[in-house]
Amino acid sequence: MVKRIVVGLVIFMIALTGIYLIVTPSPVSPVAYVPPEKPELSGVLAPNDLLTAADILGAGLVDGPEDVDVDSEGRVYGGTSDGKILRVLPDGNVELFADTHGRPLGLHFDAEGNLIVCDSHKGLLSVDKNGQIRCLCDSAEGIQFRFTDDLDIASNGVIYFTDASDKFSQADYLLDLLEARPHGRLLSYDPKTGQTRVLLRYLYFANGVALSEHEDFVLVNETYRYRITRYWLKGPMAGKSDVFIDNLPGFPDGVSANRRGTFWVALFTVRNDLVDRFHPWVLLKSLMARTPRAVWPKPEPYGLVLALDEDGNIIRSLHDPNGRHLKEITSVEEHEGYLYLGSLHNDRIGRFALSAD
């Protein structure tokens, strides 16, 4: 008797869940997407354990330093999930630099020593040496930024940055993945004129940004298409875009340039086979968006950084295959012989000596 009651309750709950999923409006309006077959991790992509040799900075003292940068005194800056910008001092201590009361993501120092910040909630910000904050811009063409993400700064002071999605905010970045529509933009801001321009529209989660050595093009990561797009700033292709590299082995998040011909790409994690299989099925994605996120596919804990040349060739890969040391890497910045590595969800900043590989 008890067994039949339990079975009946289970059937009832399943039916109730099914009705809920059917009648509840979905937060996404997904389209079908058929991802390319993922590349094998072989050759230059072959797994190694190089990243396990990285030093760890600020362990347990920083919460989600999604992007990092280093100032002229060797202090390492990172924005945290509670809106603060912290800096790790050369002696290992951590102190508060500023508080945006938002969610600081991309960070980059300009020529005057101001820290330019992409705050996902607040827009494009400038933080002076005393931690004073002012907003440079928070909209373009009448469309408010919803997810200001990453940036790079040209030698003439122009800031190139992204609004990852004009529909979903930072808290809902996985909904943008399920919807598979192009909501992202690449923009520029000229501090001399105060003008904000939209350079590219309809990007699939516009993420990391990096300028080439001669500043003739700028890269933008399209995280949810596993590719990097190139926008030409000079030459016969000026104003046009093309694919710089396609079908990456993971989700490209941050990208930076050492301005000597090498781009560093941080991949949040490797490709997820279940997500790739879901993408062609609109109804399944619509139903998944209604379910608690605790039951969604989880990213594999993996640390992965790629080096690319300016022709889009992968020339090196750095791994932490089990992600115990460094995982979910979202930014990589080269500075004086080291790579500094940030993470959206981890509690640390990695520092990898390039001489170690």
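A residue counts as buried when its relative accessible area is under 20%. At 12% relative accessibility, R87 therefore falls in the buried class. The model described here is predicted. This briefing covers two open sheets, a nonpolar core, the surroundings of V270 and D176, and the salt bridges, of which there are 17.

**Sheet β6-β7-β8-β9**

- Four strands form an open sheet in the order β6-β7-β8-β9, and their pairing is antiparallel.
- The edges are taken by β6 (104–109) and β9 (133–137); each has a single partner strand, so one side of each lacks a neighbour in the sheet.
- From one strand to the next, the twist averages 30°.
- Four bridges link β6 with strand β7 (residues 115–119) in the antiparallel sense.
- F109 has L115 of β7 as its bridge partner.

**Sheet β12-β13-β14-β15**

- A further open sheet of four strands follows the order β12-β13-β14-β15, with antiparallel pairing.
- Here β12 and β15 (195–203) stand at the edges, and because each has a single partner strand, one side of each is without a neighbour in the sheet.
- The twist in this sheet averages 20° from one strand to the next.
- Although β12 is an edge strand, six of the six residues of β12 (residues 148–153) are buried, so the strand is largely enclosed by the rest of the structure.
- Strands β12 and β13 (residues 159–163) pair in the antiparallel sense through four bridges, and L151 has F161 of β13 as its bridge partner.
- These two strands, β12 and β13, make a hairpin with five residues between them. In the turn, G157 has a positive phi of about 95°.
- On to the next strand, β13 is joined by five bridges to β14 (residues 184–190), and the two run antiparallel.
- Within β14, L186 is the bridge partner of T162.

**Largest nonpolar core**

- The largest nonpolar core has 19 residues, and those touching the most other members are I228, F244, F263, V265, L306 and L308.
- At least two residues of this core come from each of β17 (217–222), β18 (227–232), β19 (241–245), β20 (250–257), β21 and β22 (303–309).
- Strand β21 supplies the largest share of the core, namely four residues.

**Surroundings of V270**

- V270 belongs to strand β21 (residues 262–270).
- With a relative accessible area of 8%, V270 is buried, since the cut-off for that class is under 20%.
- Apart from neighbours within four places in sequence, V270 is in contact with P249, G250, F251, E300, Y302 and L304.
- One of these partners, Y302, lies 32 residues from V270 along the chain, and the C-alpha atoms of the two are separated by 6.9 Å.

**A buried acidic residue, D176**

- D176 is located in helix α2 (residues 173–179).
- This residue, D176, is buried and yet has no salt bridge.
- The nearest side chain of opposite charge to D176 is that of R225, at 8.2 Å; a salt bridge requires a side-chain nitrogen of Lys or Arg within 4 Å of a carboxyl oxygen of Asp or Glu.
- Leaving aside neighbours within four places in sequence, the contacts of D176 are S165, F168, R181, H183, F205 and Y224.

**Salt bridges**

- Side chains of opposite charge can pair when their charged atoms come close.
- R87 and E95 are joined by a salt bridge with an N to O distance of 2.6 Å. R87 is buried at 12% relative accessibility, whereas E95 is partly exposed, with a relative accessible area of 29%.
- D276 and R271 form a salt bridge at 3.1 Å, N to O, and both D276 and R271 are buried.
- R75 and E73 meet in a salt bridge at 3.4 Å, N to O. At 17% relative accessibility R75 counts as buried, while E73, at 55%, counts as exposed.
- Salt bridges with shared partners connect D71, E73 and R75 into one network.

Methods. Residues are numbered from 1 along each chain as its sequence is written. This is a predicted model: local features need pLDDT of at least 70, side-chain atom pairs count only at pLDDT 80 or more; totals for chains, interfaces and linings use all residues. Side-chain values use heavy atoms; hydrogens and water are left out. Two strands pair if DSSP finds at least two bridges between them. Axes are lines fitted to C-alpha atoms, for helices over the stretch in contact, and angles run from 0 to 180 degrees between N-to-C directions. Buried means under 20% relative accessible area, exposed over 50%, partly exposed in between (1.4 Å probe, protein chains only). Contact means heavy atoms within 4.5 Å. A nonpolar core is a set of buried Ala, Val, Leu, Ile, Met, Phe, Trp, Tyr and Cys residues joined through side-chain atoms within 4.5 Å. Lys and Arg count as positive and Asp and Glu as negative; His and the chain ends are not counted.
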